[in-house]
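Me: I am in my first year and would like to learn how to read a protein model step by step. Could we go through this one together, with a short line of reasoning for each point?

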Amino acid sequence: MESKLFTPFQLGPITLRNRFIRSAAFENMCHNNTPSQELQDYHVSVARGGVGMTTVAYCAVDLSGVSFDGQLYVREEALPGLKRLTNAIHAEGAKASIQLGHCGNMTHFYSCHCMPVSASNGFNLYSPTIHRRLRVDEIKTLVKKFGEAVDFCREAGFDCVEIHAGHAYLISQFISRRTNRRHDAYGGSFENRVRFLNEVLDEVMLHAKDDMAVVVKTNMWDDCWRGTDIEEGLRVAREILRHKPHGIVLSGGTVSRSPMTILGGAMPYKTLAHYMSMKSFWWLKAALNFPGVAPVMMPTVPFKELYFMDKAKRFQQELKDELGDTQLIYVGGVQSGDNCQTIMDEGFELFQLAHVLIKDPDFVKHVQANLHYHAGCGRSNYCVGRMYTKDMKCHECVERDGEQIPARLKKEIAKLEAKAKKSIG
């Protein structure tokens with residue numbers, strides 16, 4: 001009997017051919033903020049490999065939300081390339097999704113062409129950058145831009161939009177007491193801190209109408225001081241549910257305080273420092289080369305397969321009477337067909353995965369042929385280490401394509417993969 005993994009699923013107005021969704025892991029393949037042939041080729045390879053839907057990552061609704069030259073933002077010049085991309089994905093039988101958000105204080109002047117903005121004034125040590133507080137009229141404008149972005153994505157041929165409300169990007173910066181120190185209608189109480197989220201989702205659902213699926217990525221918890229905890233994460237999820245999106249992706253961690261909570265395992269500090277450019281990350285590059293600093297900035301999280309499952313099951317249990325037709329979508333630590341089957345057995349109808357699809361775009365086909373198939377991803381996070389200034393690629397793919405990896409980075413990869421293997425047991 002064929003596994004439930006390979007049965008169709010109705011996500012709002014769209015039908016997925018199976019339960020596999022390529023998550024919105026940043027590709028950094030949009031040269032000069034424009035979709036490239038490389039971006040298209042990668043997502044087509046994943047679609048050809050069998051996923052039900054693939055998600056283009058990290059598209060800002062406005063230039064002010066752009067962190068990287070290789071990142072998309074909503075503008076007319078991007079439409080032709082995106083139409084080619086979605087047509088090519090559809091030709092392989094998969095649906096196309098795109099993640100919409102705004103990086104807030106995770107941007108830089110050179111990339112967003114203005115002083116970075118956030119819920120409050122401050123200095124983001126991770127970027128590093130000074131950022132200013134958004135005025136209320138600017139907040140209202142950004143809310144409208146989220147709605148307009150949905151129309152843009154429909155015109156580009158996308159079937160689904162994913163609203164990024166986690167990981168310490170702009171929506172999350174309003175939600176968290178750590179980054180929101182406002183004293184107006186958008187700060188202070190929980191109701192005020194989720195006001196921006198609610199206004200964005202009102203606008204998104206209005207523009208999505210009845211032909212676009214809407215998924216929201218949220219944090220179960222931030223895993224940092226003064227960040228959102230599990231109890232407040234549940235309250236945020238309930239706010240999201242009021243808007244009746246078609247899915248909620250349950251994630252956790254923040255890029256500026258607990259990035260390895262998001263990714264699982266260790267950050268390859270030498271790899272990150274090697275590829276990171278002085279132009280955009282000079283301070284961080286210098287810090288990574290200073291003994292003892294990197295582990296404090298980006299502490300290792302022992303890797304285990306399905307590392308978000310326990311918390312996701314709590315959300316599943318506590319929200320079960322409020323979900324209606326909204327699906328809770330699992331993400332985090334998917335390595336094998338057995339992992340995928342476990343997700344199904346735990347009652348999640350859909351799940352997202354990225355690492356294994358970076359290593360092997362044909363992962364889904366392999367699982368269909370052998371449910372016990374394991375991708376063999378060593379979780380060195382090399383793909384993440386090179387992501388910030390190059391494209392996101394597995395070290396095995398890099399070497400197969402003829403690019404040389406320095407010996408000291410190979411040594412780091414081997415060490416981290418051995419450590420991950422040991423932690424799994």
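Me: Is Arg193 buried or exposed in this model?
Reply: Since the model is a predicted one, the answer rests on computed values. A residue is called buried when its relative accessible area is under 20%. The relative accessibility of Arg193 is 4%, so Arg193 counts as buried.

Me: Which residue forms a salt bridge with Arg193?
Reply: In general, side chains of opposite charge can pair when their charged atoms come close. For Arg193, the closest N and O atoms of the pair are 3.2 Å apart, and the partner is Glu232. Arg193 lies in helix 6 (residues 190–193) and Glu232 in helix 8, so the salt bridge ties together parts that are 39 residues apart in sequence. With a relative accessible area of 9%, this partner is buried as well, and its name is Glu232.

Me: How many residues apart in the chain are Arg314 and Glu231?
Reply: Arg314 and Glu231 form a salt bridge in which the closest N and O atoms are 2.3 Å apart. The pair links distant parts of the chain, with Arg314 in helix 13 and Glu231 in helix 8. Arg314 is partly exposed at 32% relative accessibility, and Glu231 is partly exposed at 45%. The separation along the chain is 83 residues.

Me: How many salt bridges are found in the whole structure?
Reply: Another of these pairs is Asp401 with Lys393, where the closest N and O atoms are 3.2 Å apart. Asp401 is exposed at 53% relative accessibility, whereas Lys393 is partly exposed at 21%. These two residues also belong to a network of salt bridges that links Arg386, Asp391, Lys393, Asp401 and Glu403. A search of the whole structure gives a total of 27.

Me: Why is strand 10 said to be largely enclosed by the rest of the structure?
Reply: In general, the side chains of a regular strand alternate between the two faces of the sheet, which is a reason to look at each side in turn. On one side of strand 10, Ala213, Val215, Lys217 and Asn219 are buried, and on the other side Val214, Val216 and Thr218 are buried too. Strand 10 (residues 213–219) is therefore largely enclosed, its count of buried residues being seven of the seven.

Me: Which residue of strand 11 is the bridge partner of Val216?
Reply: Strand 10 pairs in the parallel sense with strand 9 (residues 160–164) over five bridges, and there Val161 stands opposite Val214. Strand 10 is also joined by five bridges to strand 11 (residues 247–251), again running parallel. In strand 11, the partner of Val216 is Ile248.

Me: Which residue in strand 5 stands opposite Met53?
Reply: Strand 4 (residues 53–60) is mostly covered, as eight of its eight residues are buried. It pairs in the parallel sense with strand 3 (residues 20–22) over two bridges, and six bridges join strand 4 to strand 5 (residues 95–101), which run parallel. Opposite Met53, in strand 5, stands Lys95.

Me: Which strands are the edge strands of the open sheet with the order 6-8-7?
Reply: This open sheet has three strands and mixed pairing. Strand 6 is joined to strand 8 (residues 129–133) by two bridges, and the two run parallel. An edge strand here pairs on one side only, and this holds for strand 6 (117–118) and strand 7 (122–124).

Me: What is the relative accessible area of Ile130?
Reply: Ile130 lies in strand 8, and together with Met115, Phe123 and Leu125 it makes a nonpolar surface patch of about 400 Å². A residue is called exposed when its relative accessible area is over 50%. Ile130 is exposed, with a value of 53%.

Me: What is the phi of His113, to the nearest value we can quote?
Reply: In general, most residues other than glycine have a negative phi. His113, in the loop between helix 3 (109–112) and strand 6, has a positive phi although it is not a glycine. His113 is exposed at 54% relative accessibility, and its phi is about 60 degrees.

Definitions and conventions: Residues are numbered from 1 along each chain as its sequence is written. This is a predicted model: local features need pLDDT of at least 70, side-chain atom pairs count only at pLDDT 80 or more; totals for chains, interfaces and linings use all residues. Side-chain values use heavy atoms; hydrogens and water are left out. Buried means under 20% relative accessible area, exposed over 50%, partly exposed in between (1.4 Å probe, protein chains only). Helices (H or I, at least four residues) and strands (E, at least two) are DSSP runs, numbered from the N terminus. Two strands pair if DSSP finds at least two bridges between them. Patches are made of residues with over 30% relative accessible area and no salt bridge: like charges are joined within 9 Å, nonpolar side chains (Val, Leu, Ile, Met, Phe, Trp, Tyr) within 5 Å. Accessible areas come from the Shrake-Rupley method with a 1.4 Å probe; for residues, only the protein chains shown count as cover. A salt bridge is a side-chain nitrogen of Lys or Arg within 4 Å of a carboxyl oxygen of Asp or Glu.
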